[in-house]
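This report describes how the strands, a helix and the buried residues of one protein chain are arranged. The sequence and the structure come first.

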Amino acid sequence: MSKKKLIFVFVIIPLFSLLAIASFTKFFGTKSATVHVTKKSYFQFDLVVSLDNIELGPGESVSIKPKVVSDSTEDMYVFIKVEMPTVDSGEKLYEFGLNSSWVEVEDGVYAYGSEEMTTLAPGESTTAMTEQMTMKSITNAEYAGIDDINITITGYAIGTEGVETNPQEAWTYCKVLAGI
């Protein structure tokens, strides 16, 4: 082989190949970035009462089973508040038996638990707070004197992290968070 051919084969071709590779890599490259995503927490629940408008008179009972169903991604402690009218003597118009898995923490407020709060996990539901309510046996005159005989049932829930398991303390914390 001639000297020119040898220079061409061993110098020029590798040099052009190297330049071609170098220029080719300028048009290609990679870069990656990691997007840090924090898992979103859904903190919601349904209050199931299963009772709509009814007619009820003194001494009559109605089947009512309020419970809380978790539609959350987090564990929660739950409470149910029952507001009802009173008769002239100041007594509540309705009476009901409390399910053993619930405890009264304040007048008309019930916590899901007994000595300690019961954790409601995502997708779970509580037991019914009660099975039925009975309107007190009052006179027709007392009955006629009550303008509003409606019962209002409200559910409350708080996350369990950092919350005391004592039902009264958990309810106190819930009221602070809710501003009530």
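In this predicted model, strand S1 (residues 45–48) and strand S3 (residues 67–70) run antiparallel and are joined by four bridges. Within this pair, Val48 stands opposite Lys67 in S3. S3 has two unlike faces: Val68 and Ser70 are on the covered one, whereas Lys67 and Val69 are on the uncovered one. In a regular strand, side chains alternate between the two faces of the sheet.

**The four-stranded sheet**

Four strands form an open sheet in the order S6-S7-S4-S9, and their pairing is antiparallel. Strand S6 (102–106) and S9 are the edge strands, each pairing on one side only. On average, neighbouring strands of this sheet are turned by 30° against each other, direction ignored.

S4 and S9 pair in the antiparallel sense over eight bridges. Ile80 stands opposite Gly155 in S9. Thr154 is also placed in strand S9. The C-alpha atoms of Thr154 and Ile80 are 5.6 Å apart in space, although the two are 74 residues apart in sequence. Not counting residues up to four places away in sequence, Thr154 touches Leu47, Phe79, Ile80, Lys81 and Glu83.

**Nonpolar cores**

The largest nonpolar core has 24 residues, of which Val78, Ile80, Val82, Leu93 and Trp102 touch the most other members. The elements that give two or more residues to this core are strand S4 (76–83), strand S7 (109–112), strand S8 (132–135) and strand S9 (152–159). S4 gives the most, with four residues. Apart from this core lies another, of twelve residues, among them Phe79, Ala111, Tyr156 and Cys174.

Leaving aside neighbours within four places in sequence, Trp102 is in contact with Val78, Phe79, Ile80, Tyr110, Ala111, Tyr112, Gly113, Thr126, Thr127, Ala128 and Met129. Thr126, one of these contacts, lies in the loop between S7 and S8. Beyond residues up to four places away in sequence, Thr126 touches Lys67, Val68, Val78, Trp102, Tyr112 and Leu120.

The two threonines described here can be set side by side. A residue counts as buried under 20% relative accessible area and as exposed over 50%, with partly exposed in between.

| Residue | Relative accessibility | Class |
|---|---|---|
| Thr126 | 4% | buried |
| Thr154 | 24% | partly exposed |

**Helix H3**

Helix H3 (residues 167–178) lies across S4, S6, S7 and S9 and runs at about 55° to S6. Does its length agree or disagree with the span of 1.5 Å a residue? The twelve residues of H3 should span 16 Å at that rise, and the end C-alpha atoms are 16 Å apart, so the two agree.

Pro167, Ala170, Trp171 and Cys174 are the buried residues of H3. Seen down the helix axis, the buried residues of H3 fall within an arc of 100°, and therefore they line one face of the helix. An α-helix has 3.6 residues a turn, so residues three or four places apart point the same way. What covers the buried residues of H3 includes S4, S6, S7 and S9. One of these buried residues, Cys174, is also a member of the core of twelve residues.

Terms used: Residues are numbered from 1 along each chain as its sequence is written. This is a predicted model: local features need pLDDT of at least 70, side-chain atom pairs count only at pLDDT 80 or more; totals for chains, interfaces and linings use all residues. Side-chain values use heavy atoms; hydrogens and water are left out. A nonpolar core is a set of buried Ala, Val, Leu, Ile, Met, Phe, Trp, Tyr and Cys residues joined through side-chain atoms within 4.5 Å. Buried means under 20% relative accessible area, exposed over 50%, partly exposed in between (1.4 Å probe, protein chains only). Contact means heavy atoms within 4.5 Å. Two strands pair if DSSP finds at least two bridges between them. Axes are lines fitted to C-alpha atoms, for helices over the stretch in contact, and angles run from 0 to 180 degrees between N-to-C directions. The expected span of a helix is 1.5 Å times one less than its number of residues. The arc is that of the directions from the helix axis to the C-beta atoms.
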